[in-house]
Amino acid sequence: METMIDILARELGQKKEYIENVVTLMDEGNTIPFIARYRKEMHGAMDDTTLRNLETRLQYLRNLQQRRDEVKTSIENQGKMTEELSAAIDAAATLAEVEDLYRPYKQKRRTRGSVAREKGLEPLAQAIFAQDGRNPEALATDFIDPEKGVNSVEEALAGASDIIAEDLSDDPAIRKDLRLLMNRRAVLTSKAADPEQDSVYRLYYDFSASISRLQGHQILALNRGEKEGFLKISVSLPGNEGAALVCRAALKPTAFVSAFVRAAAVDAYDRLIAPSVERETRSELTDTAGQGAIRNFALNLKPLLMQPPVKGFVTMGLDPGYRNGCKVAVVDETGKVLATSVVYPTFSERKKQEAIDTLAVLMRKHGVRHIAIGNGTASRETEAMTVELLKKFPDASYMIVNEAGASVYSASPLAAEEFPEFDVNLRSAVSIARRLQDPLAELVKIDPKAIGVGQYQHDCPQKELDAALGAVVEDCVNAVGVDLNTASQSLLKQVSGLTATTAKNIVAYREENGAFTSRSQIKKVPKLGPKAFQQCAGFLRIPESKEILDNTGVHPESYDAAKKLLELCGYDKKDVPENLADLSQRMEQQGIRALAGRCGVGEPTLLDIAKELQKPGRDPRDELPVPILRKDVLEMKDLKAGMVLTGTVRNVIDFGVFVDIGVHQDGLVHISQVANRRLKHPSEAVKVGDVVKVMVLDVDEKRHRISLTMKGVPKEQ
C-alpha cells in the first residue's frame, strides 16, 4: 500500500527523498520561506507554492490516517471488524470514503429500521432480500408477534422494508457509485422564493445547470441567495437514474425479480439516500467553490503586495470626500509624516481654488513629486483638481491608489498606536500616500480580506481563507526582505521565525538601544532564541552594518561560503558589489559544481550567494513593470469605442478582469475578451498589477460600465 510519502511524491511529481526531507524539515519547526530559500539542496529547489501545497496535502493525509485509526478502533470495540473491512478502510483515499465504510457501524439515533430490528424483523428482511423465489407474505406470517408490536403481515413487511432500505442506504459501494453519478449527471435548479420581489439574484430566479458545468462564482452566489431567502435550490438526477442505480445494486439479476425489494430500494433512494447525497453534493460544490475563491484571492493578493514601490520621493496622499472634505498627508521618502491638512474642493469653485492653493504651498515647501489619490467617494473630482494643480508642477505626477481597507486600518488599534496625534481620517491619507511608496509595507497592516481583490470572500471558510492569505503575505515579505532598522512591528511579525511578541521586542530593543549594527545583535532581543534566529536572519537586512553580507539574502550560516567564493574567484570583500561584473564568468571557468564543493555548499545555494553579492539590498519588485503615473484626467464621456488605452489590472475574478484605465470606474474585460485562446480562468493570461493595453468596446454612462477587450491589442512592453 502507498505511504504518505509515496502519495505526495506521485501527486507533486517530486522525488521521494525530497518529500521525506521537506516533511522532516517541517516537523522540526522550519518555516516554508526558510525551507524554500535556504534548504534548496534538500528538496530540489521547489518553490514556496509547491511547498505550501505539500504542507496542505500532508495535513489532509495525516487527518485521513487519524480518522482511519479512529474508525477501525470503534468497529473493533464493537467486535465487528473483519480483514476485508480493515483493508477497505486502509485503502480509502478520502475522508468521505472512510465515512461511507463507517456508516453501518456508526451510533445512530432511533430510526424506522432500528425500531424494526428491535421487533425481531431482521431475519425476515434477510430472507426477503435473498430473493430466492419465496413469497414475502408467506415469510412474514412467522413473524407476527403482538408482544413485540407486530400485529399483522402488513406490519411485518413494512418493518422488513425499512430494514432493507436502511441497509441499502448504508451500503458504501452504492453511495460511492451514486456520488460519481451525481457529479457527472446531476442538475442544480434554482427558483425564486418570491418571483415578484426584485433582487441582485434575479439572474437565478429560473436557473438550471449541470453541476459539472457550474462555475465557482455561480455556486457561491446561489448559496448566498438561498441564505438570504431569495432563492430555493435543489439538486437532482434526470429521470429515475438515482433510483435505478440503487435497484440495480439491490436486485439479483439471476434470481426471481422481487417487486418487494424493488419497492424497498426505491424507498431507500427517495427517503434516505437522495436527501443525504444531495446535501453531500451541495457541500462538496460549496467546498470546491470556496477553495477556488481562496486560490483566486491568494493569486490576486500576491502580485498586489509585490507591486513595485515608488521609492525615494516625497509623496502626498489624498483621501477624497464630500462632506468631510479631502484629507491630505505629506510624507517624506521614508514614510515619515511631514504635514497634514483638510481641503474642500467639492464645495464650490472658490473652495476648489483654495484647495489648489493650499496643496501648492505644501508641494513647494516639502518638494512633493508624487500624489496618491484614493479611489473612493469623490475620487473623480479630486483627480480633476489634482490635474489642475499639476499644471503648476510639471515635474510632478499622480496615481489613483486602491484605498480598500484604508478605513479599516485607520480605525484600528495599530493605527492609533502609530499615529495617536492624528484624526482617523488623516491616518487614512497617510496610508494612501505610503501605499504608493511601498505597497507591501503598508498593506501588511491590513487584514488581507479587506484589501479588495477577492470574490465572495465572506462566503469562504474563514479559517482556510485566513491561512491561505497569511501564507501569501508571509511569502511576499520574505521574498523582498525587511530592513531591520525601519520596519514596523506589523512587517516584522511576517518575517520567517518571528512572532507578534518577538517583533514587538525587536522594535522595543531598537528604540532603547538605537539602530542594529549587525545581524548577530538580533540574538540579544528578548525571547528570540537560536531557532528563531536561524529562521529569520536571512530575511532581515541591515544597510548600516559594517558586514556587507548583513544587507543581502545570504544567510549567516553561509557567510564563510560567501567569503570563500570571493577568495577562490580572486576578489576581496571590498570589491563587493562594485567590481563583481565578471563573477559569473569566473565561476563558470572554475566550474560551478567544483566551486560549490570547495565552498562547502550545494550548487543552488552557491548561485544564490553569487546573485546576492552582485546586488546587495536588491529588491525583486524593482524588476517588475513600474506603476503608471499620470498627469492628465480622463472621464467616461471622453471614451469612445475603438480607443486603445494603457491600464493597470486591479482585480482578476472568475468571469473577467477589471482594469484601471485612468477613469474613476474600472473597465471590465470579460474572460472571452482576455485572449485569442480559450481560458479556463483569466489568471492564465494576466495578474493583478500587470500593465496592459486595452481597447474600448462599449461605454454605458448610465450604468457606469465600461466594456474592454485585450484581443488583438498588443501587450504593454
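## Partly exposed, and what it says about Ala468

A residue is called partly exposed when its relative accessible area lies between the limits for buried, under 20%, and exposed, over 50%. Ala468 has 22% relative accessibility, so this residue counts as partly exposed. Welcome, then, to a predicted model, with Ala468 of helix 22 as our way in. In sequence, 171 residues separate Ala468 from Phe297, yet their C-alpha atoms are 8.8 Å apart in space.

## The chain as a whole

The chain holds 29 helices and 15 strands. Along the principal axes, its C-alpha atoms fill a box of roughly 105 × 70 × 50 Å. Of its 717 residues, 50% count as buried. If you look at contacts with a separation of 6 or more, 65% of them join residues 24 or more positions apart.

## Helix 15 and its kink

Helix 15 takes in residues 259-305, 47 residues in total. From first C-alpha to last, helix 15 reaches 65 Å, close to the 69 Å expected at 1.5 Å a residue. Where does helix 15 have a kink? The place to look is Ile273, shortly before the proline Pro275, and the kink there is about 45 degrees.

## Helix 9 and its covered side

Helix 15 turns up again as part of what covers the buried residues of helix 9, and helix 10 (136-141) and helix 11 (153-169) are also included in that cover. Helix 9 spans residues 122-129, and its buried residues are Leu124, Ala125, Ala127 and Ile128. These residues lie on the same side of helix 9 because they cover an arc of only 165 degrees around the axis. Just after helix 9 comes Gln131, with a positive phi of about 50 degrees.

## Two alanines with positive phi

Most residues other than glycine have a negative phi. Against that background, two alanines deserve a look. Ala45 is not a glycine, yet has a positive phi of about 60 degrees. Ala45 sits in the loop between helix 4 (40-43) and helix 5 (48-77), and a relative accessible area of 44% makes Ala45 partly exposed.

Ala378, likewise not a glycine, has a positive phi of about 70 degrees. Ala378 belongs to the loop between strand 7 and helix 17 (379-390). Is Ala378 buried or exposed? At 4% relative accessibility, Ala378 counts as buried.

## Ile373 and Gln218

Strand 7 (residues 370-374) contains Ile373, which counts as buried at 0% relative accessibility. Which residues are in contact with Ile373, leaving aside its neighbours within four places in sequence? They are Leu318, Pro320, Ser379, Thr382, Glu383, Thr386, Tyr398, Met399, Ile400, Val401 and Ile432. Ile373 and Asn402 are 29 residues apart in sequence, with 8.4 Å between their C-alpha atoms.

Gln218 makes another good stop, in helix 13 (residues 216-227). A relative accessible area of 17% makes Gln218 buried. Setting aside neighbours within four places in sequence, Gln218 is in contact with Tyr204, Phe207 and Arg213.

## Cavities

Rolling a probe the size of a water molecule over the atoms shows where empty space is left. How many cavities of 30 Å³ or more does the structure hold? There are four, and the largest cavity has a volume of about 220 Å³.

The lining of the largest cavity is made up of 20 residues, and Leu304, Gln307, Val401, Asn402 and Arg650 lie nearest its centre. Strand 8 (397-401), helix 20, helix 21 and strand 11 (644-653) are the elements that give two or more residues to this lining. Two residues here link back to Ile373: Val401 is in contact with Ile373, and Asn402 is 8.4 Å from Ile373, C-alpha to C-alpha.

## The second largest pocket

The second largest pocket holds about 1300 Å³ of space. It is lined by 39 residues, and the closest to its centre are Ala441, Thr486, Ala487, Ser488 and Leu491.

Elements that each supply at least two residues of this lining are helix 19 (413-418), helix 20 (424-437), helix 21 (439-443), helix 22 (462-480), strand 9 (482-483), helix 23 (489-492) and helix 24 (500-513). Which element gives the most to the lining of the second largest pocket? That is helix 24, with five residues. Helix 22, one of the contributors, is also where Ala468 lies, which brings us back to our starting point.

Key: Residues numbered from 1 in each chain as written. Predicted model: local features only at pLDDT ≥ 70, side-chain atom pairs only at ≥ 80, totals over all residues. Heavy atoms only, no water. Helix = DSSP H or I, 4+ residues; strand = E, 2+ residues; numbered from the N terminus. Expected span 1.5 Å × (residues − 1). Bend = angle between axes of the 7 residues up to and from the residue. Buried < 20%, exposed > 50% of the residue type's maximum accessible area, 1.4 Å probe, protein only. Arc of directions from axis to C-beta. Contact = heavy atoms within 4.5 Å. 1 Å grid on protein atoms, 1.4 Å probe; cavity = no way out; pocket = protein on both sides within 12 Å on 5 of 7 lines; lining within 4 Å. Points joined across faces, edges and corners; volume = space filled by probe spheres on them.
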